[in-house]
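Student: I'd like to learn how to read a protein structure. Can you walk me through one, feature by feature?

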Amino acid sequence: MSKTIYAKPKSLTDTTFHYCPGCSHGIVHKLVCEVIDELDIQGKTIAVEPVGCAVTAHNYFNFDVVQAAHGRAPAVATGIKRSLPDRIVFTYQGDGDLASIGTAETVHSATRGENITVIFINNTIYGMTGGQMAPTSLPGQVTQTSPYGRDTRTQGYPVRICEMLATLDGPSYIARVSTDTVPHIKEAKKAIKKAFENQINGKGFSIVEILSTCPTNWGMSPIEAMKRLQDEMIPYYPLGVYKDAEEGNA
C-alpha cells in the first residue's frame, strides 16, 4: 500500500511560479498555504497582494485575493477586515512596497492594532522594477541607483521595520525569520502560523518579516545569494521575536 508523505497545499494552485531561480517567494508562498490548510481557513481567507514581484500572487493562491495600489495593502486589508470581520485577511508585501511608499500605511495600521496579518518579504532591493536601492538596502550595497554602494552620508541608513514597529503599543506579534536553512524555514512557518492564530483569536496586528534572496538583481548565483543572506543580512537584521503580547514582552 502506498503512503503519501508529502502533498502540495490545497491553498496553492497548480500554476508554475514565475519567480527567478533562487528566489525565496516560492518557499514563503508554500509556508503561508500550509498554515492556511492546517488552520482550515482556506474558505474564509482573503489576501491583499502588492505591487512588486508578488503582484501576480493571485495566480498561485487558491483563495480570494485583492490587488492593492503600491504600498496601500494594509489600508485595503483594514477596510476588508472591518467590513468582513469574520474573514482572515493578510497582506503579502515586499520591502519596496511596505517600507517605502507604504510606510505610513504600515505604521498606522500597526499602531491602531488592526486585526490583520502582514507577511513582509525583505530582500533589500526593488525586485520587479529592476534592482533599485530600497529602504532596506544595506550600507555599501550596490544597486541600480547606488552603483558605488549605498552611502549612508547621503542616502541614510536601512530601515529596520521590526525594531521600529516594536516601539508601538498597537502590534501584538512582531517576528523576523529567514529562508536560508531548513531549521530557519521551520521557524518561519511557526511564526507565520502564530501570526494567523493571533488574528483568529482577535489579538490584533501581527507582522512576520522574512529575509529573502534576490539573486537576479544582486547579480549572484542562488548559492552566492544565500551566503550573502547569511553573512550580511542576518547580522544587520537579527532574527527573533521582537514583540509578543501573549508572552508579556510587549
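**Reading helices, sheets and cysteines**

Tutor: Sure. Keep in mind that this is a predicted model. Let's start with helix H4, residues 103–111, where the buried residues are Glu-105, Thr-106, Ser-109 and Ala-110.

Student: How wide an arc do they cover around the axis?

Tutor: They cover an arc of only 120°, so they sit on the same side of H4.

Student: Which helices do the buried residues of H4 pack against?

Tutor: Their neighbours are helix H2 (73–83), helix H3 (95–101) and helix H6 (161–165). Just after H4 comes Gly-113, with a positive phi near 70°.

Student: Let's try helix H1. How many of its 14 residues are buried?

Tutor: Ten of the 14 are buried, so H1 counts as mostly covered. Among them are Val-28, Leu-31, Val-32 and Ile-36. For its length, check the span: H1 (residues 25–38) reaches 20 Å from its first C-alpha to its last, close to the 20 Å expected at 1.5 Å a residue.

Student: What covers the buried residues of H1?

Tutor: The cover includes strands E1 (45–49), E3 (88–94), E4 (117–122) and E6 (206–211), along with helix H7 (182–200). After H1 you'll find Asp-40, whose phi is positive, near 55°.

Student: Now the strands. How do strands of a sheet pair?

Tutor: Strands of a sheet pair through backbone hydrogen bonds, and the pairing is either parallel or antiparallel. Here there is an open sheet of seven strands with mixed pairing, in the order E2-E1-E3-E4-E6-E5-E7.

Student: Which strands stand at the edges?

Tutor: E2 and E7 (240–244) do; each has a single partner strand, so one side of each is left without a neighbour in the sheet. The twist averages 20° from one strand to the next.

Student: In which sense does E1 pair with E2, parallel or antiparallel?

Tutor: Parallel, over four bridges, with E2 being residues 64–67. Four bridges also join E1 to E3, and these two run parallel as well. Follow Ala-47: its bridge partner in E2 is Val-65, and in E3 it stands opposite Phe-90.

Student: Are the faces of E1 covered or bare?

Tutor: Both are covered: Thr-45, Ala-47 and Glu-49 are buried on one side, and Ile-46 and Val-48 on the other.

Student: And in which sense do E5 and E7 pair, parallel or antiparallel?

Tutor: Antiparallel, with four bridges between E5 (residues 173–178) and E7. One example is Ile-174, whose bridge partner in E7 is Lys-243.

Student: Where do helices lie on the sheet, then?

Tutor: H1 lies across E1, E3, E4 and E6, and runs at about 170° to E3. H9 packs on the sheet too, touching E4, E5 and E6, and its direction makes about 140° with that of E6.

Student: Pick a residue in H9 for me. Is Ile-223 buried or exposed?

Tutor: Ile-223 lies in H9, residues 222–236. Its relative accessible area is 71%, over the 50% cut-off, so Ile-223 is exposed.

Student: Last topic: how many disulfides does a search of the whole structure find?

Tutor: Zero. For Cys-162, the nearest cysteine sulfur is that of Cys-23, 19 Å away. Cys-162 is also buried, with a relative accessible area of 0%.

Student: Why does Cys-214 have no bond with Cys-53?

Tutor: Because the two sulfurs are 6.0 Å apart, too far for a bond, whereas a disulfide needs them within 2.5 Å. Cys-214 is buried, with a relative accessible area of 9%.

Methods:
Residues numbered from 1 in each chain as written. Predicted model: local features only at pLDDT ≥ 70, side-chain atom pairs only at ≥ 80, totals over all residues. Heavy atoms only, no water. Buried < 20%, exposed > 50% of the residue type's maximum accessible area, 1.4 Å probe, protein only. Arc of directions from axis to C-beta. Contact = heavy atoms within 4.5 Å. Expected span 1.5 Å × (residues − 1). Pairing = 2+ DSSP bridges. Axes fitted to C-alpha atoms, helices over the stretch in contact; angles between N-to-C directions.
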